[in-house]
Each structure stands twice: as C-alpha cells, then as structure tokens.
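Please keep the structure open beside this note and find each residue as it is named. The points below deal with charged side chains first and then with one aromatic residue.

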Amino acid sequence: MIDPDAAPRPAHLRWRYLALVFAGGTVGTALRELLAISVPPVAGVAVVIVGINILGAFLLGLLLETLTRRGPDEGRRRQLRLLLGTGVLGGFTTYSALATDTTLLLADNRIGTALLYALGTVLVGALASWAGIGAGAGLHRRRAGRARPAAL
C-alpha cells in the first residue's frame with residue numbers, strides 16, 4: 001500500500017525523467033560525435049571540442065535562465081530542463097575529452113598549448129554561460145515589455 005503522507009520520489013529516481021535524460025543524452029552525444037569526426041584537429045588541438053563546450057555552455061545558460069524566469073522547476077519546465085539541459089547538452093558537451101586532449105598535449109611536451117587549451121576553454125566557457133544567462137534575461141525582458149500595454 002502507498003503511504004499518502006510519504007514524500008514524492010526525487011526526480012532522479014523517476015523512470016520517466018531518466019528516460020528523458022537518456023533520450024536527450026543519446027541525441028547530444030551523437031551530434032557531438034558527428035561534429036568531432038567531421039572537423040579534423042588543428043595543430044593537434046581538437047578545436048571542435050572547444051567550440052562544442054563553449055556553445056554548450058552558452059546554450060545551457062540560456063536554457064536555464066529562460067526556464068527559471070518562466071516559473072518553478074516542475075511539470076513541462078522540469079521535463080525540458082532534463083531533456084535538453086541534462087540530456088542533450090550534457091551529452092553534447094565533453095569536458096572529459098578536454099581533459100584527455102590536455103593530457104595528450106602535456107605528454108607531447110606542449111605545456112603552453114595544453115594550459116591555453118584547458119584554461120582558455122574553461123574561462124571562455126564560463127563567459128559563454130554568463131552570456132547565455134544574459135541573453136535569457138534579455139529575452140525575458142523583451143517578452144515582458146511586449147506584454148505590457150503602452151502608456152499614454
């Protein structure tokens with residue numbers, strides 16, 4: 001028998017939410033792999049991985065800010081966050097490849113390149129995330145401005 005006073009199961013223990021993350025992750029990972037095999041490294045640096053991580057950081061900031069401004073993390077907003085944020089963008093971005101590529105550059109005694117690659121990706125990714133949050137806030141302000149009647 002189900003206890004009506006019991007707390008609801010956390011999102012990470014609900015099969016339907018896990019399925020959304022799995023489906024989104026499959027799409028994001030496939031897209032990343034398609035891009036990664038389509039763009040060759042430049043001077044031994046996987047520039048496509050840098051681009052993927054920076055784009056992913058921007059899109060995640062934009063998505064989360066947009067969803068947050070539309071209301072609480074429940075219902076459809078939670079489903080979108082899990083499908084697109086955790087799933088698609090989680091599969092699309094790859095900081096493990098960043099770590100591996102950095103290690104390979106270090107093993108090849110390319111210390112400056114390795115440091116620039118790793119620190120540059122993380123710092124520019126943080127700025128991209130901030131820009132995505134700003135873009136989400138700007139879109140919200142624009143929508144809110146259009147919804148208000150014009151003052152006389």
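1. Two residues of helix H2 (residues 47-70), Arg-69 and Glu-65, are four residues apart and therefore separated by about one helical turn. In this model, which is predicted, their side chains meet in a salt bridge, with a distance of 2.5 Å from N to O. As background, side chains of opposite charge can pair when their charged atoms come close.

2. It is worth looking at how far each partner of this pair is covered. Glu-65 has a relative accessible area of 16%, and because buried means under 20%, Glu-65 is buried. Arg-69, by contrast, has a relative accessibility of 36% and counts as partly exposed, since this class lies between the limits for buried and exposed.

3. How many salt bridges does a search of the whole structure find? The search finds three, and the pair of Arg-69 and Glu-65 is one of the salt bridges. Asp-73 forms a salt bridge with Arg-78, where the closest N and O atoms are 3.5 Å apart, and the side chain of Asp-73 also meets that of Arg-81 in a salt bridge, at 2.7 Å from N to O.

4. Asp-73, Arg-78 and Arg-81 are thus best viewed together, as they are linked in a network of salt bridges. Within this network, Asp-73 is partly exposed, with a relative accessible area of 33%, and Arg-81 also counts as partly exposed, at 24% relative accessibility.

5. Arg-78 appears again when we turn to Tyr-17, a residue of helix H1 (residues 15-38). Leaving aside residues up to four places away in sequence, Tyr-17 touches Ala-11, Arg-78, Gln-79 and Leu-82. Is Tyr-17 buried or exposed? Its relative accessible area is 4%, and because the limit for buried is under 20%, Tyr-17 is buried. For a sense of scale, the C-alpha atoms of Tyr-17 and Leu-89 are separated by 15 Å, although these residues are 72 residues apart along the chain.

6. Finally, please look for a positive patch on the surface, which is formed by Arg-70, Arg-142, Arg-143 and Arg-146. Which helix gives the largest share of the positive patch? That share, three residues, comes from helix H5 (residues 111-147). Arg-142 has its place in helix H5, and with a relative accessibility of 54% Arg-142 counts as exposed, because exposed means over 50%.

Definitions and conventions:
Residues are numbered from 1 along each chain as its sequence is written. This is a predicted model: local features need pLDDT of at least 70, side-chain atom pairs count only at pLDDT 80 or more; totals for chains, interfaces and linings use all residues. Side-chain values use heavy atoms; hydrogens and water are left out. Patches are made of residues with over 30% relative accessible area and no salt bridge: like charges are joined within 9 Å, nonpolar side chains (Val, Leu, Ile, Met, Phe, Trp, Tyr) within 5 Å. Accessible areas come from the Shrake-Rupley method with a 1.4 Å probe; for residues, only the protein chains shown count as cover. A salt bridge is a side-chain nitrogen of Lys or Arg within 4 Å of a carboxyl oxygen of Asp or Glu. Lys and Arg count as positive and Asp and Glu as negative; His and the chain ends are not counted. The place of a charge is taken as NZ of Lys, CZ of Arg, CG of Asp or CD of Glu. Buried means under 20% relative accessible area, exposed over 50%, partly exposed in between (1.4 Å probe, protein chains only). Contact means heavy atoms within 4.5 Å.
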